[in-house]
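Work through the following exercises with the sequence and the structure open beside you, and try each task before reading its solution.

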Amino acid sequence: MITTIVVLVVIAAVIAVSLFQSVRIVGQGTVAVIERFGRYTRTLTPGLRILMPVVDRVRAIIDVREQVVPFPPQPVITQDNLTVSIDTVIYFQVTDARAAVYQITNYIQAIEQLTVTTLRNIVGGMDLERTLTSRDYINNELRGVLDQVTGNWGIRVSRVELKAVEPPASIQDSMEKQMRADRDRRAAILSAEGFKQSQILTAEGEKQAAVLRAEGEAKARALQAEGEAAAIRKVFEAIHEGNADNQVMAYQYLQQLPKIAAGDSNKLWIIPSEFGKALENVGGALGRVGSMPGMPGMPAAPAANGNPLPANGEAPGAASGQQPRADRPPRQRGSSSPADDVFFNQDDD
């Protein structure tokens with residue numbers, strides 16, 4: 001009886017374990033490769049799956065998400081016999097779990113070795129300068145080769161990137177010096193161009209300022225001339241409207257003579273020829289005023305030699321029929337010569 005109970009318990013335990021092993025839960029983003037009696041039967045997708053106890057077993061759980069695998073730096077020799085160190089990063093995704101399990105033992109290691117060999121083949125046909133400046137070309141070539149080979153393994157290489165391309169220390173020092181010299185040259189060129197541009201702008205500004213200044217001065221002189229012309233026009237109109245005669249003008253002329261002679265710098269004062277005419281006009285005006293009716297008792301104006309002038313205002317020589325002096329020719333009254341004016345005044349005296 002006890003033996004029977006033990007056997008039943010063992011059988012129940014075996015059945016429970018078998019049932020437990022037959023129920024599998026496949027996670028999202030993964031697939032399970034199932035074998036039956038050691039042979040591939042199917043691939044389980046994510047979810048709750050039932051296996052046949054003892055007969056089916058899970059060979060591998062494959063992650064079908066896109067994976068990123070960085071590889072350590074690899075020494076690569078360029079065409080000009082310089083060793084550079086290149087770091088690579090591979091982006092790939094398993095598209096066929098069966099091929100990834102049965103076509104290759106370790107697909108990550110296989111991708112790494114294939115990347116190294118392909119990279120050496122590509123960089124070996126390029127010099128250092130082209131290697132440093134042709135990363136896109138290297139990435140495309142490397143991706144094309146990897147994608148073609150890994151397709152048989154159920155893997156799709158989506159992207160290949162070069163993290164760093166480091167030349168030897170001596171080459172880096174030389175490159176830094178070359179780049180520094182090139183930058184200094186470009187900085188000097190930019191500085192010279194900036195100085196040139198500043199000089200050009202300064203010259204243009206001075207030119208425009210001079211032009212504007214000249215235009216302003218021209219306009220100011222024009223406005224001043226217009227103002228003076230307007231003032232002269234007003235004075236001229238005022239004189240004609242007031243109907244001023246020659247006596248008034250002569251009197252104004254005599255008033256302005258002291259202002260003309262004023263000043264410490266006037267050492268020599270030249271009497272113009274019009275001075276005698278002004279005196280004649282003023283004298284004639286005063287004579288007419290004295291002979292006006294209603295003003296009796298006005299004495300006769302004495303002559304320059306002390307003799308009284310006649311009442312008619314003529315010179316003594318003219319009244320007595322005296323002839324002019326014979327030592328010089330007679331002066332013309334209409335003459336405008338300053339010398340004739342002086343001689344005429346002396347003769348009158």
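**Exercise 1. Find what Ile 86 touches, and place this residue in the nonpolar core.**

Solution. Begin with Ile 86 itself in this predicted model: leaving aside residues up to four places away in sequence, Ile 86 touches Pro 72, Pro 73, Gln 74, Val 76, Leu 119, Val 123, Leu 162, Ala 164 and Val 165. Next, turn to the largest nonpolar core, which has 34 residues, and note that Ile 86 is among those that touch the most other members, together with Ile 62, Ile 90, Phe 92 and Leu 119. Then ask which elements give two or more residues to this core: they are β2 (30–36), β5 (56–63), β6 (67–77), β7 (83–94), α2 (97–102), α3 (107–123), α5 (135–150) and β8 (155–166). The largest share, seven residues, comes from α3. Finally, look for a second, separate core, which has five residues, including Ala 32, Ile 34, Leu 44 and Leu 51.

**Exercise 2. Check the length of α5, and decide how its buried residues are arranged around the helix.**

Solution. First compare the expected and actual spans: at 1.5 Å a residue, the 16 residues of α5 should span 22 Å, and because the end C-alpha atoms are 22 Å apart, the two values agree. Second, list the buried residues of α5, which are Ile 138, Asn 139, Leu 142, Leu 146 and Thr 150. Third, look down the helix axis, where these buried residues fall within an arc of 95°, so they line one face of α5. A general rule helps here: an α-helix has 3.6 residues a turn, so residues three or four places apart point the same way. Fourth, examine the face turned away from the buried side, which carries the exposed residues Asp 136, Asn 140 and Gln 148. Last, identify the partners of the buried residues of α5, which pack against β7, α3, α4 (128–133) and β8.

**Exercise 3. Decide whether Asn 139 and Gly 154 are buried or exposed, and name their contacts.**

Solution. Take Asn 139, which is found in helix α5; its relative accessibility is 7%, and therefore Asn 139 counts as buried, since the cut-off for buried is under 20%. Apart from residues up to four places away in sequence, Asn 139 touches Val 160, Glu 161 and Leu 162. Now take Gly 154, which is found in the loop between α5 and β8; at 3% relative accessibility, Gly 154 also counts as buried. With the residues up to four places away again left out, Gly 154 touches Gln 93, Val 94, Thr 95, Asp 96 and Ala 99. Gln 93 and Gly 154 are 61 residues apart along the chain, yet their C-alpha atoms are separated by 8.6 Å.

**Exercise 4. Describe the second largest pocket, and find the element that gives the most to its lining.**

Solution. Start with the volume of the second largest pocket, which is about 220 Å³. Its lining is made by Leu 128, Glu 129, Leu 132, Thr 133, Met 175, Gln 178 and Met 179. Assign these residues to elements, and you find that α4 and α6 (169–242) are the ones that give two or more residues to the lining. To finish, compare the contributions: α4 gives the most, with four residues.

Key. Residues are numbered from 1 along each chain as its sequence is written. This is a predicted model: local features need pLDDT of at least 70, side-chain atom pairs count only at pLDDT 80 or more; totals for chains, interfaces and linings use all residues. Side-chain values use heavy atoms; hydrogens and water are left out. A nonpolar core is a set of buried Ala, Val, Leu, Ile, Met, Phe, Trp, Tyr and Cys residues joined through side-chain atoms within 4.5 Å. Buried means under 20% relative accessible area, exposed over 50%, partly exposed in between (1.4 Å probe, protein chains only). Contact means heavy atoms within 4.5 Å. The expected span of a helix is 1.5 Å times one less than its number of residues. The arc is that of the directions from the helix axis to the C-beta atoms. On a 1 Å grid over the protein atoms alone, a cavity is a set of points where a 1.4 Å probe fits but cannot get out, and a pocket is an open set with protein on both sides within 12 Å along at least five of seven lines; lining residues have an atom within 4 Å of a point. Grid points are joined across faces, edges and corners, and a volume is the space filled by probe spheres set on the points.
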